[in-house]
Amino acid sequence: MKRNILITGGAGFIGSHVVRLFVNKYPDCRIVNLDKLTYAGNLENLKDIEGKANYTFVKADIADLDTIRRVFQEYRIDGVIHLAAESHVDRSIKDPFCFAHTNVMGTLSLLQAAKEYWESCPERYEGKLFYHISTDEVYGALELTDPEGIESPFATAASSSEHHLAFGSEFFLETTKYNPHSPYSASKAASDHFVRAYHDTYGMPTLVTNCSNNYGPYQFPEKLIPLFINNIRHGKPLPVYGKGENVRDWLFVEDHARAIDLIFHKGKVADTYNIGGFNEWKNIDLIKVVIRTVDRLLGNPEGHSERLITYVTDRPGHDMRYAIDSRKLQRELGWEPSLQFEEGIEKTVRWYLDHQDWMDHITSGAYENYYNDMYAGR
Ligand code: NAD
Ligand code: TYD
């Protein structure tokens with residue numbers, strides 16, 4: 001059992017769900033959340049657990065090797081769940097260097113600090129684990145060979161009740177060759193390679209998982225679903241890139257967090273697992289589901305906000321289709337997503353509408369003061 005767990009990027013979207021799950025589920029473990037608090041880091045995401053005795057927050061850059069070395073020593077870290085990253089494709093197109101700094105140099109610094117500390121322990125790598133959270137985007141893009149969709153052969157609990165469609169017969173497998181296209185996915189691919197290199201070269205116990213698009217509460221409103229929910233609420237245009245025909249495979253974030261917990265404790269060292277829910281949607285169809293749900297919950301007539309759909313210039317190099325085959329994880333570790341897509345979307349839309357303060361603090365910038373107000377000088 002790992003006792004002192006370092007979770008990086010815990011103030012972000014997925015990280016905050018992982019931190020909450022671990023702090024509540026493992027009261028005997030110390031959970032150290034290390035986050036730089038970039039624009040995407042928001043400690044308001046963790047208000048409900050920040051007073052817990054087994055929770056510690058450290059504000060630091062993962063690329064700051066000296067600080068990371070001190071954190072390993074001070075907290076005697078024996079397990080790492082590494083989520084900190086620059087995560088938005090559009091930003092990576094504008095500023096790729098920032099992605100190389102955090103995703104590549106940051107991951108390398110964490111690996112090096114873990115190596116030095118663990119090799120200095122009498123038991124060395126015994127009982128240690130460096131678990132790296134990655135994305136399906138490293139595999140590149142699949143073709144849209146069936147634009148109308150075919151019946152998916154692998155429906156799961158996370159699949160839509162409306163359709164079980166696949167938009168092609170190919171899926172990303174753990175053995176699929178890396179072929180990243182965006183600066184974001186290139187930087188994540190590089191970091192995945194470094195993680196595996198530390199296993200192959202130094203014998204460090206590592207693990208990598210590659211997950212599909214997540215949705216749910218606490219996602220920064222630059223990403224499709226929270227951005228569109230907020231814009232619908234304010235009657236603002238919904239910018240659909242290109243023709244809206246790109247396909248993404250959506251998974252509820254708490255199901256991802258449960259998979260991370262399972263893999264951290266039961267996954268095979270040096271292995272890779274894909275995580276996804278066999279839940280493919282064309283962007284435009286997904287957007288219509290979001291519009292329908294928001295309109296219903298706001299009491300608007302059906303279809304009211306469809307007038308906000310605005311087709312805009314496509315994202316450069318926009319990957320056409322992501323679709324992940326996660327049967328290995330189901331088969332070997334028995335993971336199953338718990339929420340059906342329509343339930344997940346309903347829960348997500350309700351959460352954003354019920355937490356307008358959270359959204360307003362982001363759009364006003366007030367969330368950036370939370371650390372100084374609550375932590376500085378402690
Ligand atoms: P996010 O952008 O919401 O959060 C990232 C967090 O990392 C933020 O809290 C930010 O402050 C922190 N951070 C950024 N740079 C840092 C640095 N240099 N040092 C320390 N902290 C830093 O991202 P997310 O959507 O929660 O994604 C988390 C991880 O999961 C990422 O590694 C991402 O590649 C991966 N992932 C995301 C998705 C998705 O759909 N969101 C899917 C698959 C994999
Ligand atoms: P996003 O949430 O940025 O995730 P990713 O690029 O990592 O898949 O985008 C999801 C899909 O939605 C992607 O195909 C791009 C598209 N999109 C839009 O059409 N409009 C938008 O304003 C955004 C943010 C994304």
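## Close-up views of a ligand shell and its surroundings

**View 1. Meet the residues around ligand 1.** By class, the shell around ligand 1 is made of 13 nonpolar, 11 polar and four charged residues. Keep in mind as you look that this is a predicted model. In total, 28 residues surround ligand 1. Which of them are the closest? They are Ile 14, Asp 35, Ser 87, Tyr 184 and Lys 188.

**View 2. Helices and strands that build the shell.** Four elements each supply at least two residues of the shell around ligand 1: helix H1 (13-25), strand S5 (129-135), helix H5 (183-202) and strand S9 (213-215). Which element gives the most to this shell? Strand S5 does, with three residues.

**View 3. Polar atoms that face ligand 1.** Let's zoom in on individual atoms here. A nitrogen atom of ligand 1 lies 2.9 Å from an N or O atom in the side chain of Asp 61. With Thr 38, the partner is a polar backbone atom, found 3.0 Å from an oxygen atom of ligand 1. Ala 85 also takes part through its backbone, where a polar atom is 3.5 Å from an oxygen atom of ligand 1. How much of the ligand does the protein bury? Taken alone, ligand 1 exposes 830 Å², and the protein buries 97% of that.

**View 4. A salt bridge between Asp 90 and Arg 315.** Now we move on to pairs of charged side chains. The whole structure holds 20 salt bridges, and one of them joins Asp 90 to Arg 315. In this pair, the closest N and O atoms are 2.6 Å apart. Asp 90 sits in helix H3 (residues 89-94), while Arg 315 belongs to the loop between strand S14 (309-312) and helix H9 (327-333), so the salt bridge ties together parts that are 225 residues apart in sequence. Are these two residues buried or exposed? Asp 90 has a relative accessibility of 14%, which counts as buried. Arg 315, at 17%, counts as buried too.

**View 5. Glu 222 and its two partners.** Glu 222 is a good residue to follow from one side chain to another. Its side chain meets that of Arg 91 in a salt bridge, with an N to O distance of 2.7 Å. This pair links distant parts of the chain: Glu 222 is in the loop between S9 and helix H6 (224-233), Arg 91 is in helix H3, and the two are 131 residues apart. Glu 222 also forms a salt bridge with Lys 223, at 3.9 Å from N to O. How well covered are the three residues? Glu 222 is buried, with a relative accessible area of 14%. Lys 223 is buried as well, at 19%. Arg 91, however, counts as partly exposed at 34%.

**View 6. Stepping back to the chain.** Finally, here is the setting for the close-ups. The secondary structure of the chain comes to 12 helices and 14 strands. Its radius of gyration is 20 Å, close to the 21 Å that the globule rule gives for 378 residues, so the chain is as compact as a globular protein of that length. Taken along the principal axes, the C-alpha atoms fill a box of roughly 65 × 45 × 35 Å. What share of the 378 residues counts as buried? The answer is 58%.

Note on methods: Residues numbered from 1 in each chain as written. Chains lettered and ligands numbered in written order. Predicted model: local features only at pLDDT ≥ 70, side-chain atom pairs only at ≥ 80, totals over all residues. Heavy atoms only, no water. Near = heavy atom within 4 Å. Polar contact = N/O pair within 3.5 Å; in protein donor to acceptor, adjacent residues only side chain to side chain. Areas by Shrake-Rupley, 256 points an atom, 1.4 Å probe, with all protein chains shown as cover. Nonpolar A, V, L, I, M, F, W, Y, C, P; charged D, E, K, R; others polar. Salt bridge = Lys/Arg side-chain N within 4 Å of Asp/Glu carboxyl O. Buried < 20%, exposed > 50% of the residue type's maximum accessible area, 1.4 Å probe, protein only. Rg over C-alpha atoms; globule rule 2.2 N^0.38 Å.
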